[in-house]
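Here are a few exercises to work through at your own pace. Keep the model open beside you and try each task before reading its solution.

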Amino acid sequence: MEGVPYAYTTSFKTQLFLSSALSSSSIITIHQKRHKTILKSISRRNLVICASSGSSSVVKLLDYGAGNVRSLRNAIHHLGFEIEDVQTPKDILDAERLIFPGVGAFASAMDVLVKTGMADALCSYIKNDRPFLGICLGLQLLFESSEENGPVNGLGLIPGVVGRFNSSNGFRVPHIGWNALQITKDSEILDDIGDHHVYFVHSYRAMPSDDNKEWISSTCNYGDDFIASIRRGNVHAVQFHPEKSGDVGLSVLRRFLDPKSQGTKNLTQGKASKLAKRVIACLDVRTNDKGDLVVTKGDQYDVREHTKENEVRNLGKPVELAGQYYKDGADEVSFLNITGFRDFPLGDLPMLQVLRRTSENVFVPLTVGGGIRDFTDANGRHYSSLEVASEYFRSGADKISIGSDAVHAAEEYMKTKVKTGKSSLEQISKVYGNQAVVVSIDPRRVYLKSPNDVQFKTIRVTKPGPSGEEYAWYQCTKSLSYAHPEWLSVPKVNGGREGRPIGAYELAKVVEELGAGEILLNCIDCDGQGKGFDIDLIKLISDAVSIPVIASSGAGAVEHFSEVFMKTNASAALAAGIFHRKEVPIQSVKEHLSKEGIEFRDCFRNDLFVCNHYI
């Protein structure tokens, strides 16, 4: 590819991180001057937080070069604090306030802390009861040890061992999504949460015990009660991600950064609650014929209008739509770049800029997919899929979605039964954790007269095929770049996709084994039809794996969301066109889920709607 608009260079910190396969561990110090701070208080119905105009504050950030630290940077900026980077352990000891957002694997983070001298500084700082906030791994590292790739010693400040969730009881691991807290004592920073949901994404957790009960400020139930937050004196830590928990999460950060700020104090014991079902807005992004980046939507993967001009369907601008969906209550926003990344992912500056700009004002999880694989540029420089994913994470993505490359990896694994560790799926999940990797599966339904007609998993369909067939299998597909030498020679499915000799069932089982943390399950037959999700397919896959499954393709009415949640084990449902065209507002979906008794996250009210039937 010639005329690349973006020269990709890897920073020293990132090179160090990737070469060591280390996850990011970031340490933020906050030095706040004693000026009067005026913040808009949080109302009960609409948690609106604005940056202070009278404060003068500096937030120092130590970034080891991995993970989506950009989200936390943006959240702190949003609250009126400026950021400088910290370089030495002394910066920790001199800090007035300290935030530690751990990202990635426990062992890798501890290795970085020990080698840089940060571990001793952290222990000294916390033992002296200095103002501290740990986030996610930043909570787990406070404990004695972890079973993750271990046992591995932690900082040893809190009694207990961090262990993996038990998936044998039917709960899906990783624990991904919005859950409620049971607040056990006055923690100050949780004062505004009340009965709102907060966002979790993790596979390991610390459990309550008699030895650590004095530390615990809240728990969360996911199969068992685990520690959701701790507080002793000025030391706080949370397992959830406040920077991804919407306005409720911003209130947690604000209360830590500015303890004197006023808000709605609404301490409650919490309600026994299960994980909320997620409603996800998806934006298919590509350049139109004029070169502009637009949101589009396919009809069975065909994104062009059926007009004389045959132009790309234009449904809006990516950043603006993502921001609107965040305000409307979307639990996550997913970007799928359907053309730009295929030949030179890191050269797609416009899409990377979309991520960066979106993450400035959207404080829910962001997923990006499209072309995440190894590639070689026009100058012969080789880039690994890990380098590509790292740039996405640094640009604001919380999760990356892998499609065609996962199909290839699964096919190779089924032939050899050997994990090479070289596939994009294996590399990225090893470094960033499987919770950061989504595999997008794009199957089409193939009807059969007998389940013995193919070697793949078949089902008895609820609705017979066009010739009365009672059985079907779901053939996986993968996309081909227009520059690919096989483009003109292979049989293609809708949207320029190639049918592959592997079923959706087989693919789902293999990618879970290779390290996927979540499955985005599409269906070519249902895409853009508005007649509902393919319940047969979603039930097949969600029953087959122990990781979360996102239902996609076919939503056309609010009833389709409750149907997929009540008839399958899907953890989330995704839609695109009906949201873009304003046919079905996100809030209407959530109002319908409320009427059906299905728990969901409501960002507008403090009411908690409990699902009595499903996880």
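**Exercise 1: Getting oriented**

How many helices and strands are there in the protein?

*Solution.* Bear in mind from the start that this is a predicted model. Begin with the secondary structure: the protein has 17 helices and 31 strands. Next, look at burial: of its 615 residues, 61% count as buried. Finally, turn to the contacts between residues at least 6 apart in sequence: 72% of them join residues at least 24 apart.

**Exercise 2: Finding the cores**

Find which residues touch the most other members of the largest nonpolar core, then list what Phe579 touches.

*Solution.* A general idea helps first: in soluble globular proteins, nonpolar side chains tend to be buried together. Here the largest nonpolar core holds 131 residues, and those touching the most other members are Phe335, Ile428, Ile519, Phe561 and Phe579. Now zoom in on Phe579, leaving out residues up to four places away in sequence: Phe579 touches Val279, Ile280, Ala281, Tyr325, Phe561, Val584, Pro585, Ile586 and Val589. There is also a second, separate core of 34 residues, with Met110, Phe132, Leu137 and Val162 among them.

**Exercise 3: Helix α15 against helix α17**

Work out how α15 and α17 pack, and which residues make the contact.

*Solution.* Two packed helices are described by the angle between their axes and the distance between the axes. For α15 (residues 558–567) and α17 (residues 586–595), the angle is about 50° and the axes are 9 Å apart. The pair therefore counts as oblique. The crossing of α15 and α17 is right-handed. On the α15 side, the contact is made by Val558, Glu559, Phe561, Ser562 and Phe565, and on the α17 side by Ser588, Val589, His592 and Leu593. Sorted by type, these residues are 5 nonpolar, 3 polar and 1 charged.

**Exercise 4: Helix α10 against helix α12**

Repeat the analysis for α10 and α12.

*Solution.* The axes of α10 (residues 385–394) and α12 (residues 424–432) come within 9 Å and cross at roughly 50°. That angle makes α10 oblique to α12. The crossing of these two helices, α10 and α12, is right-handed. From α10, the contact uses Ser385, Leu386, Ala389, Ser390 and Phe393; from α12, Ser424, Gln427, Ile428, Val431 and Tyr432. By type, the contact of α10 with α12 has 6 nonpolar residues, 4 polar and no charged.

**Exercise 5: The surroundings of Leu139**

Is Leu139 buried or exposed, and with which residues is Leu139 in contact?

*Solution.* First place the residue: Leu139 lies in helix α6 (residues 137–140). Its relative accessible area is 0%, so Leu139 is buried. Leaving aside neighbours within four places in sequence, Leu139 is in contact with Gly134, Ala228, Ser229, Ile230, Ala237, Val238 and Gln239. Take Ala228 from that list: the C-alpha atoms of Leu139 and Ala228 are separated by 9.0 Å, with their positions 89 residues apart along the chain.

**Exercise 6: Covered helices and what follows them**

Identify the buried residues of α5 and α2, and the residue with a positive phi just after each helix.

*Solution.* Helix α5 (residues 118–127) is mostly covered, with 7 of its 10 residues buried. These are Met118, Ala119, Ala121, Leu122, Cys123, Tyr125 and Ile126. Just after α5, Asp129 takes a positive phi of about 60°. In α2 (residues 69–78), Val69, Ser71, Leu72, Asn74, Ala75 and Ile76 are buried. Just after α2, Gly80 has a positive phi of about 95°.

Methods
Residues numbered from 1 in each chain as written. Predicted model: local features only at pLDDT ≥ 70, side-chain atom pairs only at ≥ 80, totals over all residues. Heavy atoms only, no water. Core = buried A, V, L, I, M, F, W, Y, C linked by side-chain atoms within 4.5 Å. Buried < 20%, exposed > 50% of the residue type's maximum accessible area, 1.4 Å probe, protein only. Contact = heavy atoms within 4.5 Å. Axes fitted to C-alpha atoms, helices over the stretch in contact; angles between N-to-C directions. Helix = DSSP H or I, 4+ residues; strand = E, 2+ residues; numbered from the N terminus. Parallel < 35°, antiparallel > 145°, perpendicular 65-115°, else oblique. Left-handed = near helix turned anticlockwise from the far one by under 90°. Nonpolar A, V, L, I, M, F, W, Y, C, P; charged D, E, K, R; others polar.
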